[in-house]
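Visitor: Show me the model, please, and then we can go through its pockets.
Guide: Here it is.

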Amino acid sequence: MSRIINYLRDPRLVLAVQRYFGITGKNSTKKDDDCVSNSLGHGDSKNSTKTIENGSVRSTKKQKPDSNSPSDEGDYIITNLFWYYLFVFGTELGDEIFYATFIPFWFWNVDGAVGRRVVMVWTIIMYIGQGIKDIVCWPRPASPPVHRLQKKWVQEYGMPSTHAMVGISIPFSVVLYTMNRYQYPLHWGLVIAVLWCSVMCMSRIYLGMHSVLDIIAGLVLALVLMVALVPAIDSLDRSLVTSHWSPPAMLLVSTLLIAVYPQGSKDQWTPTKGDTTVVVSVCVGVMLGSWTNYQLGQMSEPQTPPPYEVIWPSYEMIGVGALRTSLGLCGVVATRAICKSVSYALTQSIFRWKNVDSSDVSSDTYAQAVTIERTLDIYYKYLTYGLIGFNIVFLLPAAFRVLSIERPTFYTEL
């Protein structure tokens, strides 16, 4: 078993995948080619120019998740632009920009009930995956030999791949929550979900950000979690929207989850806690917005039970949907800009904090100041993104209603 694990963690296997899809090093030599062959089981690993131990390149320096290398400076050549653009698109499916557009679009144009459930599945799976990263503390594939085409997320650890976990949880939870709610060809939904997941997972290996083992672990973990989460959340959703105790319960649970989030390695800071706070706060905001809609009497039961026929949009519906989405996203951007400034200033004033220059204080004082600043970062992210989630399902739909561009079934999706 350990031999299989070491093989799947081997950075040379990632390099082999990169070579297959058209990435070559500028200073590629025959020894490098032998290195790739060895990773695929051909040749003698003893001929490798570097010693591989426990799936990583042995180095005199401690491997850190944010280590720079010549590969980070562009020491590679891309010979196939099709795969490059495809996999760059694939990795963006797990980026903040995608979440900031997909989640609002789904609520404003498709189905709020499915949206709430998918957001909760995404949040729980992301929280668990990110937490495991900072507990296991396995570095990303060593570079060199891997060509690292992306610097974003390089400070995070690699095991498991949360991109892989999101790549399977979002599309397949959409399929699972819509298959009995709408009448559509299920096989097309599965095909789209499989393609979505495959491109997203392969993109992380192609860009040199994850080992094959990271991807496999992420997929298996997400599948196991979804077996329990999908039916549980389907039953929990209505209680969270209708119960009077829902707001204090969600606020208490979310703050406790953020408070107990694992800190990772003491020697290396990673941004995973801040990113996880964003995910959790968006979910809380979405659920509080839905709860507010219900308590104000704006939400009601649908007139007919599912399954429903899919209403394919007319030109007028497409135009109204585009207008609704454009105005809504402008509202999201404005909310983020205003709340980010206000919430950060508020947390600074409450905790009486001001920025400290490292040149003006001792190293111990500066280290303490950095810790406080990172704590404030968590507070303002929780407030900012929580309000964004709230506005997505409460304030902005109310504005659409005033402008007579609302989606007719928005308030009937309990």
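**Pockets and their linings**

Guide: The second largest pocket has about 820 Å³ of space (the volume filled by probe spheres set on grid points, joined across faces, edges and corners). A pocket is an open set of points on a 1 Å grid where a 1.4 Å probe fits, with protein on both sides within 12 Å along at least five of seven lines. The model is predicted, and totals for linings use all residues, while local features need pLDDT of at least 70 and side-chain atom pairs pLDDT 80 or more. Residues are numbered from 1 along each chain, and side-chain values use heavy atoms, without hydrogens or water.

Visitor: Which residues lie nearest the centre of that second largest pocket?

Guide: Asp-95, Glu-96, Tyr-99, Val-278 and Tyr-385, out of 42 lining residues (an atom within 4 Å of a point).

Visitor: How does its lining divide by class?

Guide: The second largest pocket is lined by 22 nonpolar, eight polar and 12 charged residues (Asp, Glu, Lys and Arg are charged; Gly counts as polar).

Visitor: Now the largest pocket. How much space lies in it?

Guide: About 1,500 Å³. Its lining has 41 residues, and Asn-109, Val-110, Tyr-182, Val-310 and Ile-311 lie nearest the centre.

Visitor: Which helix gives the most to that lining?

Guide: Helix 12 does, with seven residues (helices are DSSP runs of H or I, at least four residues, and strands are E, at least two). Others that give two or more residues to the largest pocket include helix 5 (96-109), helix 8 (186-206) and strand 6 (308-309).

Visitor: And the classes there?

Guide: The lining of the largest pocket has 25 nonpolar, nine polar and seven charged residues.
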